[in-house]
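Trainee: I should like to take a close look at one part of this model. Please set out the overall fold beforehand, and then examine a single loop residue and its surroundings.

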Amino acid sequence: MRIAVLNNLRAGRNDAEVTRILSLLRSYPDVIHIETDSARALPEALAEIARQNVNLLVLNGGDGTLQFTLTEILSGGDFERIPMLAPLRGGRTNMTALDLGARRNPVKGLRLLLEDARAGRLSERIVQRPVLRIAARKSGELQYGMFFGAGMIHRAIDLTHRLFPAGRTQGVLGAGLVTGGLILRASLQDRNGVLSPDKLQILVDGELVSQGEFYLVMASTLNRLFLRMNPFWGTGPGDVRFTSLASNSRSFMKAVPGIVRGRVRPFVTPENGYTSANSRRTQLRLDCGFTIDGEIHAPVPDEVVTLTADRRVTFVRA
C-alpha cells in the first residue's frame, strides 16, 4: 500500500507537534510526506501526491485542509482514482476527524494508523461517508465538503476569528463560546449585527419549503458537528442533512436544547419556523455569504447554491 502524509503547517497546531509528526515519519521511510506552509501551496502538493499513485492519503490539518482536498480529488483534477482519506485532528477545527473517531493526539493517531497499515489491519478503521457537493450558479464555483452554513453561522465564524488569537482557540473553544452567546442573544429577539436575519428561498427536493428571513441555514453529511451537536432531526431519502431556523421561530429558547441533540419537541415544525429534512437536493437562493467547513465565501447578490451528495469517499479513522 502506498501512503502519503500531507502536513498543512498553517492549520493552527503548534510547532512542537509538527516536529513530533516529522520525527515519527523518519521511522517510516516508505511513507511519502509533503509539507505546505500556505494555502497557495496546497494545489502543487496534491498534484505531486496524485503523481505518486497513492492508496491512502493522511491529512495533518483541519477541516479546511480536508475540504480543499475533497474538492481537488472529486472535481476531476489530477487524481485518476480517489484514495482513501485519513484526516488527523491537526487543525483549529476538526469536525470531520472527530466525527470519524480520530484520536485527540494526532501524533499518536498517525503512529497507530501506520502500524495498522503495516499489519494489514486497516479494514477495521474504514468508514464510508457521502460528501456534500456545493454548486454556486452565479460565481461558477464547485466545491466539495462535509458542512455548509449560511446566515448567522457565516458571520459567527468571522467573529470567532476576530475575537480569538490565531491557533486552536479559534476552533472548538472559540466557536463554542461564540455560539452560546449568540443563542442567548437570539432568545432576547436581538436582530442586529451577527444576528441580522437573511432573506432566503429554500427548495428541498423541488418543493418550496419556505421563503422569508432566517437566522441560520446548515447542511452536512456528518453524524455530529463540533461539541457533539446533532441539529438534524428530519426524515427523507437523501444524504443531505438540512436544517433551517427562521427569524420568527416560535419559543426559540425552549426549542434549542432539543435541536442541538436532534430530538425536538412537538412544536418544532416548519409552521413554527423550524425545518429539517434529509434531501437528495436542496437549493438556496440567497444574498448572504456562506461557509464550507469553516472556509468563508463572500456574498454574491441573488446567488443560487445547490446542495447534493452524490459522491461517497472512503475515510480511514486515525
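Mentor: In this predicted model, the chain folds into eight helices and 15 strands. It has 318 residues, of which 56% count as buried. Where contacts join residues at least 6 apart in sequence, 72% of them link residues at least 24 apart. The chain exposes about 14,300 Å², and carbon and sulfur atoms supply 48% of that area.

The part to examine closely is Leu88, which is found in the loop that runs between strand S4 (84-87) and helix H4 (95-100). Leu88 has a relative accessible area of 2% and is therefore buried, the cut-off being under 20%. Leaving aside neighbours within four places in sequence, the contacts of Leu88 include Val58, Leu59, Asn60 and Gly61. Leu88 also touches Ile21, as well as Asn94 and Ala97. Further along the chain, its partners include Pro106, Gly109 and Leu110, together with Ala318. As for Arg104, 16 residues from Leu88 along the chain, the C-alpha atoms of the two are separated by 8.5 Å.

A second loop residue offers a contrast in accessibility. Arg263 is placed in the loop between helix H8 (252-261) and strand S11 (274-279). Its relative accessibility is 64%, so Arg263 counts as exposed, for which the cut-off is over 50%. Arg263 also belongs to a positive surface patch, which is formed together with Arg224, Arg228 and Arg261. Thus, Leu88 is a buried loop residue, whereas Arg263 is an exposed one.

Key:
Residues are numbered from 1 along each chain as its sequence is written. This is a predicted model: local features need pLDDT of at least 70, side-chain atom pairs count only at pLDDT 80 or more; totals for chains, interfaces and linings use all residues. Side-chain values use heavy atoms; hydrogens and water are left out. Helices (H or I, at least four residues) and strands (E, at least two) are DSSP runs, numbered from the N terminus. Buried means under 20% relative accessible area, exposed over 50%, partly exposed in between (1.4 Å probe, protein chains only). Contact means heavy atoms within 4.5 Å. Accessible areas come from the Shrake-Rupley method with a 1.4 Å probe; for residues, only the protein chains shown count as cover. Patches are made of residues with over 30% relative accessible area and no salt bridge: like charges are joined within 9 Å, nonpolar side chains (Val, Leu, Ile, Met, Phe, Trp, Tyr) within 5 Å. A salt bridge is a side-chain nitrogen of Lys or Arg within 4 Å of a carboxyl oxygen of Asp or Glu. Lys and Arg count as positive and Asp and Glu as negative; His and the chain ends are not counted. The place of a charge is taken as NZ of Lys, CZ of Arg, CG of Asp or CD of Glu.
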